[in-house]
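Student: I have a new model open and would like to learn how to read it. Can you take me through some features?

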Amino acid sequence: MNPDPSLIPISKLHLPEIDLWLDPTRGKPLAVISHAHSDHVASHGRAICSVATSALLRARYGQKGEHVVLEFGEAYEVDGYRIELQPAGHILGSAMVHVTRLLDGATLLYTGDFKLRSSPTCEAPRVKPADLLIMETTFGLPRYVFPSYSAIQEQVVRWCRAALENGQVPILQGYSLGKAQEILQLLQGGGFKILVHETVGRICAVYESQGVVFPEYGILKERETQGHVLVIPPNASSPLGSQFVAAMISGWGMDPRARYRSRTEEVFPLSDHADYPDLVKLVEMVRPRVTYTTHGFAAEFARDLRERGWTAWTLEGRDQLDLGLAFEQSS
Ligand SMILES: [Zn+2]
């Protein structure tokens, strides 16, 4: 049977036929938690998630509720729908959600946060074709083309070495879940003595329990910091003094004013999200009949997709009216 994606009724990130929510930020009876970043997390009656995401939810948020823990590629059926998680390549455990309506084979793919670049800290992304695609478009403008991983690694290592040779202590800032672990891996093989903030260390321990191997590091406490590279979250109070020099690791480093906004000396553009070419590549891999975009430059990217011949709309803002559908706001 020829699947018609428009037959899968979906309001914003909600499939009413099986009352399944995708990444709602308030508790629901049944929801998928695509990954363990806080803006995707709530306590649900039943939370469908990957093995590593479950471990992170328990360790980071103390979740005690029921998790339906799925291996990547494992099928879970709910009232005539098959739900499957595939690696999204964003952070450890992050998943794309693939839903098939068994009645007619119509399929939906929700990317959650994703990137296509492979990373030493998380599972390699796997993209499945679908009739209906809901994708995040954080960096959905053509100017966001990230340098290669190896180029960024070389720059970060060189910057840290220069600081140490100047007698300074280099501080690398990145979010405690995901980015900080990527930073640790960037330092792999650099021969650095590394100290991480304790919130970073707690997450690293979960990563290690899932098989990720980091270069040797210690926990930043009252220790002597001289001669070390520090890895801390941007919101943590960093040590002050002229002997310290800080850099942020963020995809927003592509913006000319990023350094000023981050209040650091340097911003290295390594992201855990897809850049513009990879957003386009994802659509070409999924080959959807209809795409909905969300987060970041969603309207701009949907317009670009339409210019490339795809049927695409944003879930944010005015296009909801263009579609004439009564979307329910996720809450
Ligand atoms: Zn995320």
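Tutor: Let's start with one residue: Gly112 is buried, since 23 other C-beta atoms lie within 10 Å of its own. Keep in mind that this is a predicted model.

Student: Where does Gly112 lie?

Tutor: Gly112 sits in the loop between strand E9 (106-110) and strand E10 (132-137). Leaving out neighbours within four places in sequence, its contacts include Asp23, Ser34, His35, His40, His90 and Glu136. Ala88, Ser94, Ala95, Met96 and Val97 are in contact with Gly112 too. You can also check a distance: Gly112 and Ile134 are 22 residues apart in sequence, and their C-alpha atoms are 8.2 Å apart in space.

Student: His90 turned up there. Is His90 buried or exposed?

Tutor: His90 is buried, because it has 27 other C-beta atoms within 10 Å, and the cut-off for buried is 20 or more. His90 belongs to the loop between strand E7 (81-87) and strand E8 (95-101).

Student: Which residues does His90 touch, apart from those up to four places away in sequence?

Tutor: His90 touches His35, Gly112, Asp113, Phe114, Lys115, Cys122 and Asp272. Take Lys115: it is 25 residues from His90 in sequence, yet the C-alpha to C-alpha distance is 5.4 Å.

Student: What about the chain as a whole: what share of contacts joins residues at least 24 apart?

Tutor: Counting contacts between residues at least 6 apart in sequence, 56% join residues at least 24 apart. The protein chain has 331 residues, of which 48% count as buried. Its secondary structure comes to eight helices and 18 strands.

Student: How should I read a backbone angle such as phi?

Tutor: The general idea is that most residues other than glycine have a negative phi. Here, Asp19 has a positive phi of about 50 degrees, although it is not a glycine. Asp23 likewise has a positive value, near 55 degrees.

Student: Where are Asp19 and Asp23 found?

Tutor: Asp19 is in the loop between strand E1 (14-15) and strand E2 (20-22), while Asp23 is in the loop between E2 and strand E3 (30-32). Their surroundings go like this: Asp19 counts as partly exposed because it has 13 C-beta neighbours inside 10 Å, whereas Asp23 is buried, with 22 other C-beta atoms within 10 Å.

Student: Now helices. How do I describe two that pack together?

Tutor: Two packed helices are described by the angle between their axes and the distance between the axes. Try helix H3 (residues 179-186) and helix H4 (residues 198-209): their axes come within 9 Å and cross at roughly 80 degrees. H3 and H4 are therefore roughly perpendicular to each other, as 65 to 115 degrees is the range for that term.

Student: Which residues of H3 and H4 meet?

Tutor: On the H3 side they are Ala180, Gln181 and Leu184, and on the H4 side Val200, Ile203, Cys204 and Tyr207. The residues of this contact divide into six nonpolar, one polar and no charged.

Student: How many residues of H3 are buried?

Tutor: Seven of its eight, so H3 is mostly covered. The buried ones are Lys179, Ala180, Gln181, Glu182, Ile183, Leu184 and Leu186. They pack against H4 and also against helix H2 (149-165), strand E11 (169-173), strand E12 (193-196), strand E14 (228-232) and strand E15 (244-249).

Student: Can we look at a residue in H2?

Tutor: Sure, Gln153 is in helix H2. Gln153 counts as partly exposed because it has 19 C-beta neighbours inside 10 Å. Its C-alpha is 7.5 Å from that of Leu187, although Gln153 and Leu187 are 34 residues apart in sequence.

Student: And how do I read a nonpolar core?

Tutor: In soluble globular proteins, nonpolar side chains tend to be buried together. The largest nonpolar core here holds 89 residues, and Val97, Leu230 and Val231 touch the most other members. This core draws at least three residues from each of domain 1 (5-143 + 273-323) and domain 2 (149-268).

Student: What does Leu230 touch, not counting residues up to four places away in sequence?

Tutor: Leu230 touches Val169, Ile171, Leu172, Leu195, Leu220 and Thr225.

Conventions. Residues are numbered from 1 along each chain as its sequence is written. This is a predicted model: local features need pLDDT of at least 70, side-chain atom pairs count only at pLDDT 80 or more; totals for chains, interfaces and linings use all residues. Axes are lines fitted to C-alpha atoms, for helices over the stretch in contact, and angles run from 0 to 180 degrees between N-to-C directions. Helices (H or I, at least four residues) and strands (E, at least two) are DSSP runs, numbered from the N terminus. Angles under 35 degrees count as roughly parallel, over 145 as roughly antiparallel, 65 to 115 as roughly perpendicular and the rest as oblique. Two residues are in contact if their C-beta atoms, placed from the backbone, lie within 7 Å. Ala, Val, Leu, Ile, Met, Phe, Trp, Tyr, Cys and Pro count as nonpolar, Asp, Glu, Lys and Arg as charged, and the others, Gly among them, as polar. A nonpolar core is a set of buried Ala, Val, Leu, Ile, Met, Phe, Trp, Tyr and Cys residues joined through C-beta atoms within 7 Å. A residue is buried if 20 or more other C-beta atoms lie within 10 Å of its own, exposed if 12 or fewer, and partly exposed in between; C-beta atoms are placed from the backbone. Domain bounds come from an automatic or database domain assignment.
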